[in-house]
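Hi everyone, thanks for coming. I'll walk you through one protein today, so please pull it up on your screens.

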Amino acid sequence: MAARAALLAALRPGGGLGSSSGPGAGRAAAREASARGCGLVEWEGLAVVELSGRGGRDFARVLPSVGGTVGSLALAGAEVLLPLGSAGEALANHRRYHKGGMLLPWANRVAGGRYSYFGEELVLDINDVTHDAAIHGLLEGRQMEVESCGSSSASLVYTFTGEEAPNGGYPFPGLRVRLDYQLEGGRFVLSVHASVPPQARGPVPFNFGWHSYFKVDDASQARVQFDRRGGRQWRRLVSDADLIPTGSTVLFEAFNGSDVIGGTRRRPRIGMTGS
């Protein structure tokens, strides 16, 4: 799989890596969940999972009916993400902003909506017309199953049918994805697990991203720190003018916890081009 397609991992048969729903579906699901002690509740007609930690100081709202999107996250009583303010915004979110969205089976853009799978050209719908690309996968807007949930943790699953992309653009039925959400000791932990059945046609292209919008007053003055303990290095994918990865990477030394992002309030920047 070409790196330009941003499908950067292959799940092999038998192995793995660590339908839309409207507001009317929420009431019955919330009643059923309440009966089994789950954190699933009704929010403006949508069934959502609400997690709580440290006596309510930490809070997360997860939306199974729109692909496991995180609609709200507060730690120590402060909202840390730009929240989805209503069910209507949540249902329309994946069409433009992808706030809190789970991006899979690919994140970023597939150039021209086309990629090669063992010599076979597969075609995806173009949903980023500006850059002539298929963007951010197929899960957003789809109903996920609540496999388990409690007061501070939940697991959602989705099994691909192979018909999510029109015209057979992602023909990999049986790909099973589980997303685990947990509030733990003042942290929010998101874990992703993906597997394919032994009878799968071959390695399955798969990539994941979480489209989180962190809430800050002035992004240009914000400080971000990546984990560089033990000499760990981070590299950035180089992108072209259409924001498609070229396959090249460069050492990324920003986000060191000391330097602010820079730029201005209206146009924050960290000196990266095409990102």
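I'll start with the overall picture, then follow one sheet, and finish with some side-chain contacts.

A quick word on the source: this is a predicted model, where local features need pLDDT of at least 70, side-chain atom pairs count only at pLDDT 80 or more, and totals for chains, interfaces and linings use all residues. Residues are numbered from 1 along each chain as its sequence is written, and side-chain values use heavy atoms, with hydrogens and water left out.

Okay, the overall picture. The protein has two helices and 20 strands. Those are DSSP runs, numbered from the N terminus: H or I with at least four residues for a helix, E with at least two for a strand. There are 275 residues, and 42% of them count as buried. When I say buried, I mean under 20% relative accessible area; exposed is over 50%, and partly exposed is in between, using a 1.4 Å probe and protein chains only. The accessible surface comes to about 14000 Å², and 49% of that belongs to carbon and sulfur atoms. Those areas come from the Shrake-Rupley method with a 1.4 Å probe, and for residues, only the protein chains shown count as cover.

Now let's look at the sheet. Which strands are in it, and in what order? Five strands make an open sheet that reads β3-β4-β5-β6-β7, with antiparallel pairing. Two strands pair, by the way, if DSSP finds at least two bridges between them. At the edges are β3 and β7 (78–79); each has a single partner strand, so one side of each is left without a neighbour in the sheet.

Let's walk across from β3. Strand β3 covers residues 40–43 and pairs with β4 in the antiparallel sense over four bridges. If you want a spot to zoom in on, find tryptophan 43, which stands opposite leucine 46 in β4. The two strands form a hairpin with two residues between them, and glutamate 44 in that turn has a positive phi of about 50°.

Next is β4, residues 46–53. Why do we call this strand largely enclosed by the rest of the structure? Because six of its eight residues are buried.

On we go to β5, residues 58–63, which runs antiparallel to β4 and is joined to it by five bridges. Here glutamate 50 stands opposite arginine 61, and glycine 53 has aspartate 58 as its bridge partner. This hairpin has four residues between the strands, and arginine 54 takes a positive phi near 50°. Strand β5 is mostly covered too, with five of its six residues buried.

One general thing to keep in mind: in a regular strand the side chains alternate between the two faces of the sheet.

From β5 we cross to β6, again antiparallel and again with five bridges. Leucine 63 has threonine 69 in β6 as its bridge partner. The β5 and β6 hairpin has five residues between the strands, and glycine 67 takes a positive phi near 70°. Then β6, residues 69–75, is joined to β7 by two bridges, also antiparallel, and leucine 75 stands opposite alanine 78 there.

Right, on to the salt bridges. The structure holds 12 of them, where a salt bridge is a side-chain nitrogen of Lys or Arg within 4 Å of a carboxyl oxygen of Asp or Glu.

Remember arginine 54 from the hairpin? Its side chain meets that of aspartate 58 in a salt bridge, 2.7 Å from N to O. Arginine 54 is partly exposed at 37% relative accessible area, whereas aspartate 58 is buried at 1%.

Another pair is glutamate 89 and lysine 99, at 2.9 Å from N to O. Glutamate 89 lies in helix α2 (residues 87–92) and lysine 99 in the loop between α2 and β8 (101–103), so the pair ties together parts that are 10 residues apart in sequence. Glutamate 89 is partly exposed at 30% relative accessibility, while lysine 99 is buried at 14%.

Last stop, histidine 193, which lies in strand β16 (residues 187–195). Is this residue buried, partly exposed or exposed? Histidine 193 counts as partly exposed because its relative accessibility is 25%. Its side chain shares a polar contact of 3.0 Å with the side chain of aspartate 180. A polar contact is a pair of N or O atoms within 3.5 Å; within protein, one must be able to donate a hydrogen and the other to accept it, and residues adjacent in sequence count only if both atoms are side-chain atoms.

That's my tour, thanks for listening!
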